[in-house]
Amino acid sequence: MPRARQPSAGQPSAGQPSARQPSESYADPRLAALYDALNPAGAAAAFYLSLPGAPPARILDVGCGTGLLACEFATRGYDVTGADPAAAMLATARGRPGGDQVRWIQASAAGLDTGTTFDLIIMTGHVFQLLLEDRDVRAALRVLARHLAPGGRLAFETRNPAVREWQDWNPRDTRQRVEAAGITADVHYDISAVAGELVTYETWFQFAGARDPVVVPDTLRFMDQAQVAGFLAEAGLAPVTWYGDWDGSPYGPASPEIIAVASGPSNHAAEPAR
């Protein structure tokens, strides 16, 4: 997913749609190469890095993208697994510093079967919003709950629909030029449809020297806090601590983010996930 709002001094602003979990189009190596330039580490990364206890806790990064967070955890001494459905993203992840210290798996959240459990599972970059149907949400949370060790926690975020961030995702306010690995592209975002909770947008990449742009469509689901809480309770993921922004402030009706840090079932068997 892209980030959307006018970037400032080369940095995307906090309200832009994040690209941590790519669509299938991110199988294109050029898009994977630009991923980190479009999504530099910031306050969200710092928040997640603050969550685990002392190493060597076991951490699973679901929708790990190019592995920035997974590799950072690994260099700090944690036992890390990164999972992502896009092969090109994982190829980039393997090649970054610390990539040889991480176990990489090509899989979506619902398709995970790691054979082990984790003390912390993170799902960053608004990956949760790619779960468009109730059955998708239930399937993903059920699998992730099964992968939590006793006392483990699941942390993820979704945008607060009351803020209506997508209204700023337009070509005028999101246009930027990005460069990485010798690749240059002009990038902007545009909304193509809003239908209830679902917002469909396009990321436009005009690569230097190319005649036609590459257009990546994606759809996000905007759920409110009560809906998210209901799905977590159904999966046995409670209690939940709720935050509204990356500074650790509590969630409120006007918060830009709905950040959940949920505990796994207390009676969860301490055996490998199946």
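Begin in this predicted model by selecting F118 and L148, since the bridge partner of F118 in strand β5 is L148. From there, follow the chain as it crosses from β4 through helix α5, residues 134–146, to β5, and note that this β-α-β crossover is right-handed. Strand β4, residues 118–123, and β5 run parallel, and five bridges join them.

Next, select β11, residues 257–263, which pairs with β5 in the antiparallel sense over seven bridges. One place to look at this pairing is R153, which stands opposite S263 in β11. With these partners displayed, colour β5 by accessibility: nine of its 12 residues are buried, so the strand is largely enclosed by the rest of the structure.

Within β5, which covers residues 148–159, pick out L154. Is L154 buried or exposed? With a relative accessibility of 0%, L154 counts as buried. Leaving aside neighbours within four places in sequence, the contacts of L154 include I121, L141, L144 and L148, and also L232, L237, A260, V261 and A262. If you then draw a distance from the C-alpha atom of L154 to that of V240, you will find 9.3 Å between them, although the two residues are 86 apart along the chain.

Move now to the aromatic residues, of which a search of the whole structure finds 10 pairs. Select F205 and F207, whose ring centres are 6.0 Å apart and whose planes stand at 10 degrees, so the pair is stacked. F205 is buried, with a relative accessible area of 0%, and F207 also counts as buried, at 4% relative accessibility. Add R30 to the selection, because R30 lies over the face of F207, at 4.2 Å from the ring centre. A further stop is the aromatic cluster formed by F47, Y48, Y243 and W246.

For a helix, display α4, residues 87–95, and highlight A88, M89, L90 and A93, which are its buried residues. Which elements do the buried residues of α4 pack against? They pack against helices α1 (29–38) and α3 (68–75), together with strands β2 (79–84) and β3 (103–106).

The loops hold some backbone features to visit. Most residues other than glycine have a negative phi, and most peptide bonds are trans. Select P55 and P56, which are joined by a cis peptide bond with omega at about 5 degrees; P56 is placed in the loop between α2 (43–49) and β1 (58–62). Another cis peptide bond, with omega again about 5 degrees, joins A238 and P239, and P239 is found in the loop between α7 (225–234) and β10 (240–243).

Continue to R164, in the loop between β5 and α6 (171–174), where phi is near 55 degrees, a positive value in a residue other than glycine; at 40% relative accessibility, R164 counts as partly exposed. A181 lies in the loop between β6 (176–180) and β7 (183–195) and has a positive phi near 50 degrees, while its relative accessibility of 72% makes A181 count as exposed.

Finally, colour the chain by pLDDT, which averages 88, with 87% of the residues scoring at least 70. Over residues 1–22 the pLDDT is below 50, and this stretch has 93 contacts in the model beyond near neighbours in sequence. Residues 269–274 also have a pLDDT below 50, with 13 such contacts. Where pLDDT is low, the predicted coordinates should not be read in detail.

Note on methods. Residues numbered from 1 in each chain as written. Predicted model: local features only at pLDDT ≥ 70, side-chain atom pairs only at ≥ 80, totals over all residues. Heavy atoms only, no water. Helix = DSSP H or I, 4+ residues; strand = E, 2+ residues; numbered from the N terminus. Buried < 20%, exposed > 50% of the residue type's maximum accessible area, 1.4 Å probe, protein only. Contact = heavy atoms within 4.5 Å. Pairing = 2+ DSSP bridges. Right-handed = clockwise from strand over helix to strand, strands pointing away. Phe/Tyr/Trp six-rings, centres within 6.5 Å; stacked < 30°, edge-to-face > 60°. Lys NZ or Arg CZ within 6 Å of the ring centre and 35° of its normal. pLDDT = per-residue confidence, 0-100.
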